[in-house]
Amino acid sequence: MADAQVAECVATLQGHNYFVNTVAFSPDGALLATGSGDSTARLWDTTTRQCVATLQGHTSAVYSVAFSPDGTLLATGGGDQTARLWDTTTRQCVATLQGHKKDVKSVAFSPDGALLATGGSDMTARLWDTTTRQCVATLQGHTSAVYSVAFSPDGALLATGGDDKTARLWDTTTRQCVATLQG
């Protein structure tokens, strides 16, 4: 039987004033994004371990962060019922996506970066066009909060996970639920 290796912490990133809800690496690994209950997201340089930007705009906790596949955008989802898109170079908010009626708990980009999925406490998932910044679909079917969204590697399916103890699979072209996974 092999001995388990002990991992050592290489850095502690401090700066948020409240709990950290979410973390994500940029596609090239140069940045780490964090989202916090202090209503901010932060960008950290993974080489220097320093905070390079504090993204302010949400008026409540930031629950989810995700980088676009090309790393040019960061999406954040918050307790203020919005998702936001940030330019990772200028560190400016370039869009505020409004439509959810409660907290936005999860955000994810499609593999081609053309769509952003959001999951909310309002029992819906939404699909947003990342170019026009418009909601192109509201996916209804969950009977409680949607806590997680993820695209399949080919972008043909969106998976959603909810407080109703189900995961659902949605066809991203027809926007129809193709399976409800229970148990």
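## Buried and exposed

A residue counts as buried when its relative accessible area is under 20%. By that yardstick, 47% of the 183 residues in this chain are buried. Keep in mind that what you're looking at is a predicted model.

As for the outside, the chain exposes about 9400 Å². Carbon and sulfur atoms supply 48% of that area.

## Overall build

Looking for helices? There are 0 of them here, against 16 strands. With a radius of gyration of 17 Å, close to the 16 Å that the globule rule gives for 183 residues, the chain is as compact as a globular protein of that length. Measure out a box along the principal axes, and the C-alpha atoms fill roughly 50 × 45 × 30 Å.

How do the contacts spread along the chain? Take those with a separation of 6 or more: 31% of them come from residues 24 or more positions apart.

## Charges

The chain carries 12 positive and 16 negative charges. Work out the mean position of each set, and the two come out 8 Å apart.

## One pair of rings

Now for a detail you can pick out by eye. The count of aromatic pairs comes to 1. It's made by tyrosine 18 and phenylalanine 19, whose ring centres lie 4.3 Å apart. Their planes sit at 45°, so the pair is tilted; stacked would need planes under 30 degrees apart, and edge-to-face over 60.

Is phenylalanine 19 buried, exposed or partly exposed? Its relative accessibility is 43%, so phenylalanine 19 counts as partly exposed.

Technical notes:
Residues numbered from 1 in each chain as written. Predicted model: local features only at pLDDT ≥ 70, side-chain atom pairs only at ≥ 80, totals over all residues. Heavy atoms only, no water. Helix = DSSP H or I, 4+ residues; strand = E, 2+ residues; numbered from the N terminus. Rg over C-alpha atoms; globule rule 2.2 N^0.38 Å. Buried < 20%, exposed > 50% of the residue type's maximum accessible area, 1.4 Å probe, protein only. Contact = heavy atoms within 4.5 Å. Areas by Shrake-Rupley, 256 points an atom, 1.4 Å probe, with all protein chains shown as cover. Lys, Arg positive; Asp, Glu negative; His and termini not counted. Charge placed at Lys NZ, Arg CZ, Asp CG, Glu CD. Phe/Tyr/Trp six-rings, centres within 6.5 Å; stacked < 30°, edge-to-face > 60°.
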